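Please open the structure in a viewer and keep the selection panel at hand. The tour below proceeds stop by stop, stating what to select and what is found there.

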Amino acid sequence: MEVLIRQDAEAVGHAVADRIEAEVRRANGAPLTLGLATGSSPVTAYTELIRRHREESLSFAGVTVFMLDEYVGLPAEHPQSYHRFIRENFTDHVDIDDARVFSPRGDAPDAAAEARRYDEAIREAGGVDLQVLGIGATGHIGFNEPGSSLVSRTRVKTLVQKTVQDNARFFDSADEVPIHVLTQGVGTILDARAIVLAASGENKAEAIHQMVEGPISARWTGTALQQHANVLAVVDEAAASKLELADYFRFVEANRADVPGAQATA
Ligand code: GLP
């Protein structure tokens, strides 16, 4: 895994935006599929991409979006739905056609069938070119809580209490946080051709340590990313505070200029 350490969440956002921009510029208007995540972690990147769209004419024409997850029971227009979140925090502010933003339907009458349909829809669209991820304090990617199969596909999951509490800040109270979700599986996420993950804050330090340096385990589902050959993790100093390899990662970045492309992919 390639790891970049930045001062704060703002700087993490810039580096993640750089990675996304590189992919968008390379596509140059040709079809490109981005997998997008919600939560606070990627928001600084989305804000920066909106700025680049407005001030540096960065165009997202040709981009299709597949969201990572959604709360069961919430329709797309619900104020706390992830579909609404991504529109308000990103896609409504750039030239991404709303009809090209797909997410699992939280209000589908048969959630399990919806999960299977969504997984298939991603495959039929040709798969995800670049998947943006955050990571939960429990080490989850998407909503793949501890104990999730590392080859799982999109399905219904039940949140652990810690995640419900962590996400309560987006709702009026913890009681309102749905405990069931539809999430891309770990295996679905690993199908993406490339992945960029953002993390900031001390409460992510253990999850980042496990994800980068821990044994691959369903206890910390982010560890499955070690099995993917093109993952860039951008973390701030606080989230990097438990990394045993932090100095090595800084050294790798500082010496990259000597050999262009060194560790461009892990
Ligand atoms: C939610 C989302 C995840 C996200 C995680 C971290 O649980 N399902 O995709 O990575 O929150 O959230 P935050 O970035 O707000 O800490």
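A salt bridge is a side-chain nitrogen of Lys or Arg within 4 Å of a carboxyl oxygen of Asp or Glu. The model on display is a predicted one, and the structure holds 26 salt bridges.

**Stop 1: R51 and E56**

Select R51 and E56 and display their side chains, which meet in a salt bridge with an N to O distance of 3.0 Å. R51 has a relative accessible area of 29% and is therefore partly exposed. E56, with a relative accessible area of 36%, is likewise partly exposed. Now extend the selection to D18, E21, R25, E48, R52 and E55: together with R51 and E56, these residues are linked in a network of salt bridges.

**Stop 2: strands β2, β3 and β5**

Next, select residues 32-36, strand β2, along with β3. These two strands run parallel and are joined by five bridges. Helix α2, residues 43-55, belongs in the view as well, since β2, α2 and β3 make a right-handed β-α-β unit.

Restrict the selection to residues 63-67, which are strand β3. Is this strand enclosed or open? Five of its five residues are buried, so β3 is largely enclosed by the rest of the structure. Display the side chains to see the two directions: V63, V65 and M67 point one way from β3, whereas T64 and F66 point the other way, and all are buried.

Add residues 101-102, strand β5, which pairs with β3 in the parallel sense over two bridges. F66 is a useful residue on which to centre the view. Which residue of β5 is its bridge partner? The partner of F66 in β5 is F102, while G35 has F66 as its bridge partner in β3.

**Stop 3: D119 and R153**

Select D119 and R153. Their side chains meet in a salt bridge, 3.0 Å from N to O. This pair links distant parts of the chain: D119 lies in helix α4 (residues 111-124) and R153 in the loop between β6 (130-133) and β7 (155-158), 34 residues apart. Is D119 buried or exposed? D119 is buried, its relative accessible area being 4%; the cut-off for that class is under 20%. R153, by contrast, counts as partly exposed at 30% relative accessibility.

**Stop 4: the aromatic cluster**

Turn now to the rings. A search of the whole structure finds ten aromatic pairs. Begin with Y71 and Y82: their ring centres are 4.9 Å apart and their planes stand at 50°, so the pair is tilted. Planes under 30 degrees apart count as stacked and those over 60 as edge-to-face, with the rest classed as tilted. Y71 lies in strand β4 (residues 69-71) and Y82 in helix α3 (residues 82-89), so this pair ties together parts eleven residues apart in sequence. Y71 is buried, with a relative accessible area of 1%, and Y82 also counts as buried, at 8% relative accessibility.

Keep Y82 selected and add F143. Y82 and F143 form a stacked aromatic pair, 5.9 Å centre to centre with 15° between the planes. Because Y82 lies in helix α3 and F143 in the loop between β6 and β7, the pair ties together parts that are 61 residues apart in sequence. Both Y82 and F143 are buried. Finally, add F171 to complete the view: ring pairs link Y71, Y82, F143 and F171 into a cluster.

**Stop 5: the loop between β10 and α8**

Select K242 and E206, whose side chains meet in a salt bridge at 3.5 Å, N to O. Here, too, distant parts of the chain are linked: K242 is in the loop between β10 and α8, and E206 is in helix α7 (residues 205-213), 36 residues apart. K242 counts as partly exposed at 41% relative accessibility, as does E206 at 29%.

Move along to L245, which is placed in the loop between β10 (231-236) and α8 (246-254). L245 is partly exposed, with a relative accessible area of 37%. Add Y248 and F251 and switch to a surface representation. What do L245, Y248 and F251 form on the surface? They form a nonpolar patch, with about 320 Å² of accessible area together.

Key
Residues numbered from 1 in each chain as written. Predicted model: local features only at pLDDT ≥ 70, side-chain atom pairs only at ≥ 80, totals over all residues. Heavy atoms only, no water. Buried < 20%, exposed > 50% of the residue type's maximum accessible area, 1.4 Å probe, protein only. Helix = DSSP H or I, 4+ residues; strand = E, 2+ residues; numbered from the N terminus. Pairing = 2+ DSSP bridges. Right-handed = clockwise from strand over helix to strand, strands pointing away. Patch = residues over 30% accessible without salt bridge, like charges linked within 9 Å, V, L, I, M, F, W, Y side chains within 5 Å. Areas by Shrake-Rupley, 256 points an atom, 1.4 Å probe, with all protein chains shown as cover. Phe/Tyr/Trp six-rings, centres within 6.5 Å; stacked < 30°, edge-to-face > 60°.
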